[in-house]
Amino acid sequence: RRGMDLVVLQPSNVVAALAEPAVPLLGLLSAIGRRHFVWFGAADGWINYVAVEDVAAAIAEAALRGPADTTFILNTPQRLDQMVQWCAQLLGVPVPSRRVPLWAGRVAARAGDVAAALGRTVPFDSNRLREMTTTTRYDGSGLQRVTGFDYPLGVRAMLVRLVDRYRREGRL
C-alpha cells in the first residue's frame, strides 16, 4: 500500500557443508561409498538442491538488480544419475548400477515407515524413495535470465565440500 518494492526468492532444498549437527546427504554418500546404493524403477530422477552460498549470492543479486514484484526459484537442478556419478567419483568407488523394480522400493519404504513408527532409526523410508524417484525439476534460471546471475558454487562443488567435511569428521 505504501509503494514498497519486493522480490520473492524461493530456494529449493538448501544444502550447506556446515558443522554438526546437520549432515545433509550423508546417507546418500554413505550408501554409495559402501556400495549399497540401488536404483528403483526405470524413471530418470532429478535432484533439486541449491548450495547455501548460491542462495546468499542470489539474495545479493536480487537486491541489487532484481526487478520489483518478481518471484524467482533458486535451484540448480541435476539429474540424479549425474549426481550419483559425481558422488561415486569423489568417493573412489564404481558408479552404482544395480536396479530393482519400483514395487520393491515401495515395499522397502513401507517397511522403513513401519519401523520408524515403532521408534527405530531407519536408512530408508517413503521420503527417501520419493527423493530418489522424483521426476520434478524446478527451474532456477529465472534470475539468470533477468539479471545475468550465475550460481557461483553449484551442486558439484557443494558435494566436494560435503565429502571433504565428512572425511575430516571420520563419517566417510
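Which residue's side chain meets that of Asp139 in a salt bridge? The partner is Arg145, with 3.6 Å from N to O. A salt bridge here is a side-chain nitrogen of Lys or Arg within 4 Å of a carboxyl oxygen of Asp or Glu. Arg145 is exposed at 60% relative accessibility, and Asp139 is partly exposed at 40%. Buried means under 20% relative accessible area, exposed over 50%, and partly exposed in between, with a 1.4 Å probe and protein chains only.

The model is predicted: local features need pLDDT of at least 70 and side-chain atom pairs count only at pLDDT 80 or more, while totals for chains, interfaces and linings use all residues. Residues are numbered from 1 along each chain as its sequence is written, and side-chain values use heavy atoms, with hydrogens and water left out.

The route through the structure can begin at helix α1. Helices (H or I, at least four residues) and strands (E, at least two) are DSSP runs, numbered from the N terminus. Helix α1 covers residues 26-33, and because six of its eight residues are buried, the helix is largely enclosed by the rest of the structure. The buried residues are Leu26, Leu28, Leu29, Ser30, Ala31 and Ile32. Among the elements that cover them are α3 (80-91) and α7 (154-168), where contact means heavy atoms within 4.5 Å.

The loops on either side of α1 each hold a residue with positive phi. Leu25 sits in the loop between β2 (13-15) and α1. Its phi is near 65 degrees, a positive value in a residue other than glycine. With a relative accessibility of 14%, Leu25 counts as buried. Arg35 follows α1 and belongs to the loop between α1 and β3 (39-40). Phi of Arg35 is likewise positive, near 65 degrees, and this residue too is not glycine. Unlike the buried Leu25, Arg35 is exposed, at 53% relative accessible area.

Next come the aromatic side chains. The structure holds three aromatic pairs, and one of them joins Phe37 and Trp39. Rings of Phe, Tyr and Trp (its six-membered ring) pair if their centres lie within 6.5 Å; planes under 30 degrees apart count as stacked, over 60 as edge-to-face and the rest as tilted. Phe37 and Trp39 are edge-to-face, with 4.9 Å centre to centre and 85 degrees between the planes. What is the relative accessibility of Phe37? Phe37 has 5% and counts as buried; Trp39, at 11%, counts as buried as well.

The last topic is charge pairing. Side chains of opposite charge can pair when their charged atoms come close. There are eight salt bridges in the structure, including the one between Arg145 and Asp139. Another links Glu169 to Arg165, whose closest N and O atoms are 2.8 Å apart. Is Arg165 buried or exposed? Arg165 is buried, since its relative accessibility is 2%, whereas Glu169 is partly exposed at 31%. Elsewhere, salt bridges that share partners join Asp44, Arg79 and Asp81 into one network. Within this network, Asp81 and Arg79 form a salt bridge with 3.1 Å between the closest N and O atoms. Both ends of that bridge are partly exposed: Asp81 has a relative accessible area of 35%, and Arg79 has 31%.
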